[in-house]
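Got the viewer open? Let's take a short walk, one selection at a time.

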Amino acid sequence: MNQLISVMNKIVALTLFAYLFSCLGLAQNNDFAANNRLILGTYKERSASVAKGDIDNDGDIDILVANGRHWPGQNRIFINNGKGIFTVEKNLGSIRETTYATELGDFDNDGDLDIAVGNDRAPNTIFLNDGTGSFSMGGSFGRSYSPTRNITLADVNLDGHIDILITNRGQPNEICLNDGKGNFTETVNFGSNEDATIDVEVADMDKDGDVDLILANRDEQYNFVYLNDGKLGFEEKIPFGSGKDNTRSIGIGDLDADGEPDIIVANIGSANAIYFGGGENPFVRSVIFDPSEAASYAISLSDIDLDDDLDIIVGNSRSPNYIYFNEKNGENYKSLQLHESSFRTYDIITADVNGDGLPDIIEANSDEINRYYMNQIGKKD
């Protein structure tokens, strides 16, 4: 009888443990906390990107989620309660749009963060912040009804105002120049009409004092660095990659600590790699940091473990997301699986959402709840 009671108690204990574990929602790797409170709403929408910033000017990081892609969806703002929990959620605007990307920047130079919304085959829109996190619709930017896949913010003409770069897959890409008041009436094209561009980054790759454009192309094309002539002319270009990659995302950072910017690529169906800058033949020397050949959709760079070098975070579609820790001057990496689930992660970024000095990780998952993971590195017993 006592043995039966003992067995029953073990069964109850195991059942309770399994229940509590399931309540976490995701298995943890002990370096990043994940549970059903660390989510951005309870929606399962066609999320395409996330952006971070202090939207309501209260000193903490809020999150903006872009929804829709090819189908009209509701873009959403999540307000941080100061402890890394997003207890207030607001719709951005009253209309649903085919949004691929949203970005935060002070377009009208009034000291708060405004929002640029990039839509697939629908007008791209500016939303102006009143300083408290409430938004009114402003003007538009770029050509209407283009196949926009991403937007990037940078002061491309170095006039002190934030401009908007638009990648249009299969159509000319655009730089929309800001007049300083949040109006984008002047547009300059970049790249070629054949570029199937999904992502663009901006950096001074040749160290001549202006900013150059680094393109991620799909459809088995070469990726290119387009060099700025100082007058927003981008005729000279340097190829990188195999020429047969389907590159979905790129990041720029000095991974080998030589003072030169390097290019990190996320590919669909082929290895993810780093192309090192500097020297007479920049972006020829390379290293594969992720040989998995997964469908990698997003790249983010951050010093996750606070060891004074950049690590790489990769968001994958239908396979787990990973962190790659920089172990030796950008040449060697140690991988860590972020979670066991195989979401369709379209975007992945880092932000210190709870103010503890550690970069946390935030996902935009299509047709799945958008999640974030609290960095626990250095807090373990």
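**Stop one: the charged pairs**

Ten salt bridges are found in this structure, which is a predicted model. Side chains of opposite charge can pair when their charged atoms come close. We'll visit a few of these pairs.

Start by selecting R143 and E174. Their side chains meet in a salt bridge, 3.5 Å from N to O. R143 sits in the loop between β9 (135-141) and β10 (148-154), while E174 belongs to strand β12 (residues 173-177), so this pair ties together parts that are 31 residues apart in sequence. Now switch on the surface: is E174 buried or exposed? With a relative accessibility of 1%, E174 counts as buried, because anything under 20% does. R143 is partly exposed, at 29% relative accessible area.

Next, pick R169 and D219. Here the side chains form a salt bridge at 2.7 Å, N to O. Trace the backbone and you'll see that the pair links distant parts of the chain, 50 residues apart: R169 is in the loop between β11 (163-168) and β12, and D219 is in the loop between β15 (212-217) and β16 (223-226). R169 is partly exposed, with a relative accessible area of 27%, and D219 is partly exposed too, with 40%.

Then go to E260 and K207. Their closest N and O atoms are 3.9 Å apart, and the two form a salt bridge. E260 lies in the loop between β18 (247-253) and β19 (262-267), and K207 in the loop between β14 (197-203) and β15, so the pair ties together parts that are 53 residues apart in sequence. E260 counts as partly exposed, at 22% relative accessibility.

For a last look at charges, select E45, R76 and E89 together. Salt bridges that share partners join these residues into one network.

**Stop two: a four-stranded sheet**

Switch to a cartoon view and colour β14, β15, β16 and β17. These four strands form an open sheet in the order β14-β15-β16-β17, with antiparallel pairing. Which strands stand at the edges? They are β14 and β17 (237-240); each has a single partner strand, so one side of each is left without a neighbour in the sheet. Turn the view to follow the twist, which averages 20 degrees from one strand to the next.

Finally, zoom in on β16 and β17. The two run antiparallel and are joined by four bridges. To find one residue pair here, select V225, whose bridge partner in β17 is I238.

Terms used: Residues are numbered from 1 along each chain as its sequence is written. This is a predicted model: local features need pLDDT of at least 70, side-chain atom pairs count only at pLDDT 80 or more; totals for chains, interfaces and linings use all residues. Side-chain values use heavy atoms; hydrogens and water are left out. A salt bridge is a side-chain nitrogen of Lys or Arg within 4 Å of a carboxyl oxygen of Asp or Glu. Buried means under 20% relative accessible area, exposed over 50%, partly exposed in between (1.4 Å probe, protein chains only). Two strands pair if DSSP finds at least two bridges between them. Axes are lines fitted to C-alpha atoms, for helices over the stretch in contact, and angles run from 0 to 180 degrees between N-to-C directions.
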